[in-house]
Number of protein chains: 2
Amino acid sequence: MIRAILFDIDDTLFPSTEFAESARRNAIRAMISMGIHKEENELYAMLIDIIKKKGSNYQNHFDLLCRELGEKRPARYIAAAVGAYHNTKTAIQPYPEVPKTLLSLRESGYKLYIASNGEAIKQWDKLIRLQLAIYFEDVFVSEELGEEKSQSFFRKALKRIGCKPEEALMVGDREDADIVPAKAIGIKTARMLSGKFKSNPSVADFQINRISEIPTILKSLK
Amino acid sequence: MIRAILFDIDDTLFPSTEFAESARRNAIRAMISMGIHKEENELYAMLIDIIKKKGSNYQNHFDLLCRELGEKRPARYIAAAVGAYHNTKTAIQPYPEVPKTLLSLRESGYKLYIASNGEAIKQWDKLIRLQLAIYFEDVFVSEELGEEKSQSFFRKALKRIGCKPEEALMVGDREDADIVPAKAIGIKTARMLSGKFKSNPSVADFQINRISEIPTILKSLK
């Protein structure tokens, strides 16, 4: 009998990959509007290269891009890029079925939790902007638990929740982070087929295209 | 004969003091919505104390506020506060008469410039969000010129513009930064009566309540 449902955030509750791409595109376009003489796709490719090298949590992607372009007074381009990037990223919306599904799960008596890799403030910012924070009893973020999602991460989370593995369902899009370690300690797993890793094979107990399929899964587990 | 007009940004082109206060209020309210048990005015007073101690460009006002409150898991409150703060600060609007006045000054053949204290990226971000960047030939920010507004700052700016002091008009709300040093080197000065320092006495050549009074000033200087 499932009592607790744990959700990943990115590409599970909202189309994170899509928003990130669109934010980067808008940043590049804003730089061009401010007077950078470079073709959009070429500039975008340079940015993607920098993100790959420095990681997506690095703070100065656009500074570096301006340096590579040889810009001597880059403030205007950095301001334009960061502004456009944030305008897009702060306009995130949940997948349309998410709020209703979370509400109906709460009405049915389930306790809902977040299990997420990343920085605590960043992940809370997303939950607040998505207007979803109120649905969750507690939020487990790797930065606060001291490790990324792993068997031990999930054991700690279950201990805090006060429930057995077989009473929990983990929902997420990442096979390596969300499914494999949770399943290994006996948590039921539902793989969300979305984002960059959509087509990767899965050992999850269930595969879903949207979280509105969860109530059906819960019925089948009774 | 005036050829170049230099403008301050904050409390000259938009009501900066008002937006900052409103952003802080909204941040405090967001923290209370997220569950901080404290009265709004009390929390606001704590924040103002921190800003006074640390300066307004310090990055972690809300982290410090949470520490003072003894919050052990502050991520949700910091995320809520910073999010609400930025939502307000990114919605800045110019004083209503500003875009039309700048446009008409350009049409009349004047060259427009920014002379601003602060960080270059932050000041550019404001110009872009206000949709005013396109009106200015060049933007002089203290961070890039290596010193805050002073006689030497204004001399450097005039050199770059290529005009004599008596051919320039400086418009700003700060007696110490905008008026005194500009006037001292022979630039004409117009003091904008707005923001925190509205009622301070002035040695400016002109005192104005809104920048739409500038065309009349220019006529009187012909």
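In what order do the strands of the open sheet in chain A lie, and is their pairing parallel or antiparallel? Good morning. The model before us is a predicted one, and I shall begin with that sheet.

In chain A, the order is β3-β2-β1-β4-β5-β6, an open sheet of 6 strands with parallel pairing. Its edges are formed by β3, residues 138–141, and β6, residues 206–208, each of which pairs on one side only. From one strand to the next, the twist averages 20 degrees.

Let us look at one pairing within this sheet. Strand β2 of chain A, residues 111–116, runs parallel to β3(A), and 4 bridges join the two. To find one of these strands' partners on your screen, please start at Ile114(A): its bridge partner in β3(A) is Val139(A).

We turn now to the helices on the sheet of chain A. Helix α6, residues 120–129, packs on the sheet and touches β2 and β3 of chain A. The direction of helix α6 makes about 140 degrees with that of β3(A). Helix α9 of chain A, residues 175–184, lies across β4 (168–172) and β5 (188–192) of chain A. This helix runs at about 165 degrees to β5(A).

Next, chain B. Its open sheet of 6 strands has the order β3-β2-β1-β4-β5-β6, with parallel pairing. The edge strands are β3 (138–141) and β6 (206–208) of chain B, each pairing on one side only. The twist in this sheet averages 20 degrees from one strand to the next.

Here I would point to the pairing of β1(B), residues 4–7, with β2(B), residues 111–116: the two run parallel and are joined by 4 bridges. Phe7(B) has Ile114(B) as its bridge partner in β2(B). Helix α9 of chain B, residues 175–184, packs on the sheet, where it touches β4 (168–172) and β5 (188–192) of chain B. Its direction makes about 165 degrees with that of β5(B).

I come now to the place where the two chains meet. How many residues does each chain bring to the contact? Chain B contributes 21 residues and chain A contributes 20. The size of an interface is often given as the accessible area lost when the parts come together. Between chain B and chain A, the buried area is about 1,700 Å², and carbon and sulfur atoms give 60% of it. In chain B, the residues that lose the most area to chain A are Arg73(B), Ile121(B) and Trp124(B), which together account for 31% of what that side buries.

Arg73(B) also appears in a salt bridge: its side chain meets that of Asp138(A), at 3.2 Å from N to O. Across the interface, there are 4 salt bridges and 8 residue pairs in polar contact.

Which elements of chain B give two or more residues to the side that touches chain A? They are α4 (75–89), α6 (120–129) and β3 of chain B. The largest share, 7 residues, comes from α4(B). By character, the residues on this side of chain B divide into 11 nonpolar, 2 polar and 8 charged.

Thank you for your attention.

Terms used. Residues numbered from 1 in each chain as written. Chains lettered and ligands numbered in written order. Predicted model: local features only at pLDDT ≥ 70, side-chain atom pairs only at ≥ 80, totals over all residues. Heavy atoms only, no water. Pairing = 2+ DSSP bridges. Axes fitted to C-alpha atoms, helices over the stretch in contact; angles between N-to-C directions. Contact = heavy atoms within 4.5 Å. Buried area = accessible area lost by both parts, 1.4 Å probe. Polar contact = N/O pair within 3.5 Å; in protein donor to acceptor, adjacent residues only side chain to side chain. Nonpolar A, V, L, I, M, F, W, Y, C, P; charged D, E, K, R; others polar.
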